[in-house]
Amino acid sequence: MEQHIESQALRQALAARERPSLPSNFAYTTMRRIRLEREKSERRQRIVAFLTVASVVVLGIGGLVYMFGQAIWQSMVAISKRPEDLSLALPTLFCLAFFALLNRWLARHYVGRNKT
């Protein structure tokens, strides 16, 4: 009788070992974990892209100031001495603002529409 109980316990242990039991919400938790990892990866990529663009912009502006700083300074001094040269500044700023807003609107409107 003891041998029968031992063999039955051994069979149950082997059967439990062959078929591991998974929690009832295994698929949900696995998919949630995959989604969270994907979101972390996308967040890291956005941060790296932002830092790359910011460093390129800073280096570009620094290079322009280094190469053309003296000419820019002389132009600013000349403009401040002749106020009639400021008459083009307002329309230029208006045009720049208009095109910046148009670019933003077009990007929001058309980006992501034609993805296949």
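**Close-up views of a predicted model**

**View 1. A nonpolar patch lies on the surface of the protein chain.** Phe94, Phe98, Phe99, Leu102, Trp105, Leu106 and Tyr110 make up this nonpolar surface patch, which covers about 780 Å². The structure is a predicted model. One of the patch residues, tyrosine 110, is found in helix 3, which spans residues 89–110. For the protein chain as a whole, the accessible surface comes to about 11500 Å². Carbon and sulfur atoms account for 66% of that surface.

**View 2. Glutamate 39 and arginine 35 form a salt bridge.** The closest N and O atoms of this pair are 3.5 Å apart. Both residues belong to helix 2, which covers residues 26–81. Because glutamate 39 and arginine 35 are four residues apart in that helix, about one helical turn separates them. Glutamate 39 has a relative accessible area of 31% and is partly exposed. Arginine 35 is also partly exposed, with a relative accessible area of 40%.

**View 3. Glutamate 37 and lysine 40 meet through their side chains in a salt bridge.** Here the N to O distance is 3.9 Å. The two residues lie in helix 2 and are three residues apart, about one turn of the helix. Glutamate 37 counts as partly exposed, at 44% relative accessibility. Lysine 40 counts as partly exposed as well, at 39% relative accessibility. A search of the whole structure finds two salt bridges; the pair of glutamate 37 and lysine 40 is one of them, and the pair of glutamate 39 and arginine 35 is another.

**View 4. The protein chain has three helices and zero strands.** Read from the N terminus on, its elements run α-α-α. Helix 1 covers residues 2–18, helix 2 covers residues 26–81, and helix 3 covers residues 89–110. How many of the 116 residues of the protein chain count as buried, as a percentage? The value is 0%. A residue counts as buried when its relative accessible area is under 20%.

**View 5. Predictor confidence varies among the elements of the protein chain.** Helix 1 has the lowest mean pLDDT of these elements, at 70. Helix 2 has the highest, with a mean of 92. Both salt-bridge pairs lie in helix 2: glutamate 39 with arginine 35, and glutamate 37 with lysine 40. Across the protein chain, pLDDT averages 84, and 87% of the residues score at least 70.

Note on methods: Residues are numbered from 1 along each chain as its sequence is written. This is a predicted model: local features need pLDDT of at least 70, side-chain atom pairs count only at pLDDT 80 or more; totals for chains, interfaces and linings use all residues. Side-chain values use heavy atoms; hydrogens and water are left out. A salt bridge is a side-chain nitrogen of Lys or Arg within 4 Å of a carboxyl oxygen of Asp or Glu. Buried means under 20% relative accessible area, exposed over 50%, partly exposed in between (1.4 Å probe, protein chains only). pLDDT is the predictor's confidence in each residue, from 0 to 100. Accessible areas come from the Shrake-Rupley method with a 1.4 Å probe; for residues, only the protein chains shown count as cover. Patches are made of residues with over 30% relative accessible area and no salt bridge: like charges are joined within 9 Å, nonpolar side chains (Val, Leu, Ile, Met, Phe, Trp, Tyr) within 5 Å.
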